[in-house]
Amino acid sequence: MASPPGSINFTSNNPPQSYIHCGRCDDHFLICSCEGVGHGTDYIYKNLPPPSPNLTPLERLRRFSDLVSVSPTMKHFAAHMWLRNEAADLVTALTNEQAQAQLRQMMEEYIEMLSSKPEDLGLSQMANIVGSTPLTEKSPPEQVKVIATEGRAAIASFIACDWSTVTKAGILLIHTAFQVSDEQKYPIDDLNLGTIFNKGVDCLKSILDMGYSNTNFGWRLAMEPDRQPQGTNNSNIQSATRRDYFLRYYNSTHCQMCGKEEDGGGGSSLKMCAACRSVKYCNVECQKKHRKFHKKLCKEIERELMTTGSGGLELD
């Protein structure tokens, strides 16, 4: 009997454990050597069969519920029961054009409030969640710009029901946008908005809170962080990994391993990673020590450079 569209066919020869990796270092969870807060909780899925581009919103939620049900940290949520009992009403609300427009406008108004009332809305705290220390060191307009990118990606993926591509930070942004919205303009007792918040936003936030730590690593993770969201009608939305400000820009003027600062003179004392050309190191020894932390982003950028035909060879 054929599986319903959107289902992931895990078998004894193709178990879910084959796809579970550490969200910090990208290694398979059985060989990961990370330690500390988040270790053993921040799991992601890699190399899963891609979803069909023709899936309906309900079928995308089926894929999401399949992944939740086999996650080491999220499986305590009754995902398949939720899919049977709640998802149909939620999809009806999310496919309502007026409700979609309200959700997008709600996010835009929240972004505008972050610009106009940064202290009242906790801009610095949200910048730390979305981009960690590198983003908190930027100007408020730059912080808002990065947060806006994450918020818009999150609301688009949420509306499309491609929830396994929504980051923990992204659902927090959606949840916060609801909380600070104009109650007269967006009444929670509205049938569609109430359904979306209670059966959707609140639910997804609870699941990702269960699965990911409140650390700089955990906030930036999605269940499928390397996959571009589907069904958003916006091909410019990148995967969570490609949007990750922390991974892309962290200490671009320092050695990624030891913290040595770039020489301010005419010549550079640091060398770029040969594969991705996005981070720098003192020497090969520092590069090797940092490899387990960098290889997640490195592979993504290297793949892009191979496509565009650019690149270089500073470090072996």
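**Figure 1. A salt bridge within helix α12.** The side chains of K289 and E285 form a salt bridge, with a nitrogen-to-oxygen distance of 3.5 Å. The structure shown here and in the other views is a predicted model. Both K289 and E285 belong to helix α12, which covers residues 284-308. Four residues separate K289 from E285, about one turn of the helix. An α-helix has 3.6 residues a turn, so residues three or four places apart point the same way. K289 is partly exposed, and its relative accessible area is 49%.

**Figure 2. A salt bridge network that includes E224 and R227.** Salt bridges with shared partners connect R63, D162, E224 and R227 into one network. Within the pair formed by E224 and R227, the closest N and O atoms are 3.0 Å apart. E224 has a relative accessible area of 5% and is buried. R227 has a relative accessibility of 12% and also counts as buried, because the cut-off for buried is under 20%.

**Figure 3. A salt bridge between helices α4 and α6.** In the whole structure, a search finds 14 salt bridges. One of them joins E108 to R152, and the closest N and O atoms of this pair are 2.8 Å apart. E108 is part of helix α4 and R152 is part of helix α6, so the salt bridge ties together parts that are 44 residues apart in sequence. E108 is partly exposed, with 30% relative accessible area. R152 counts as partly exposed too, at a relative accessibility of 39%.

**Figure 4. Helix α7 and its length.** Helix α7 consists of twelve residues, 168-179. At 1.5 Å a residue, the expected span of α7 is 16 Å. The C-alpha atoms at the two ends of α7 are 17 Å apart, which agrees with that expectation.

**Figure 5. The surroundings of helix α7.** Of the twelve residues in α7, eleven are buried, so the helix is largely enclosed by the rest of the structure. The buried residues are K168, A169, G170, I171, L172, L173, I174, H175, T176, A177 and F178. Several other helices take part in covering these buried residues, including α4 (97-116), α5 (123-136) and α6 (140-159). The cover also includes α8 (191-211) and α9 (216-219). Two of the covering helices, α4 and α6, hold the salt bridge partners E108 and R152 of Figure 3.

Terms used
Residues are numbered from 1 along each chain as its sequence is written. This is a predicted model: local features need pLDDT of at least 70, side-chain atom pairs count only at pLDDT 80 or more; totals for chains, interfaces and linings use all residues. Side-chain values use heavy atoms; hydrogens and water are left out. The expected span of a helix is 1.5 Å times one less than its number of residues. Buried means under 20% relative accessible area, exposed over 50%, partly exposed in between (1.4 Å probe, protein chains only). Contact means heavy atoms within 4.5 Å. A salt bridge is a side-chain nitrogen of Lys or Arg within 4 Å of a carboxyl oxygen of Asp or Glu.
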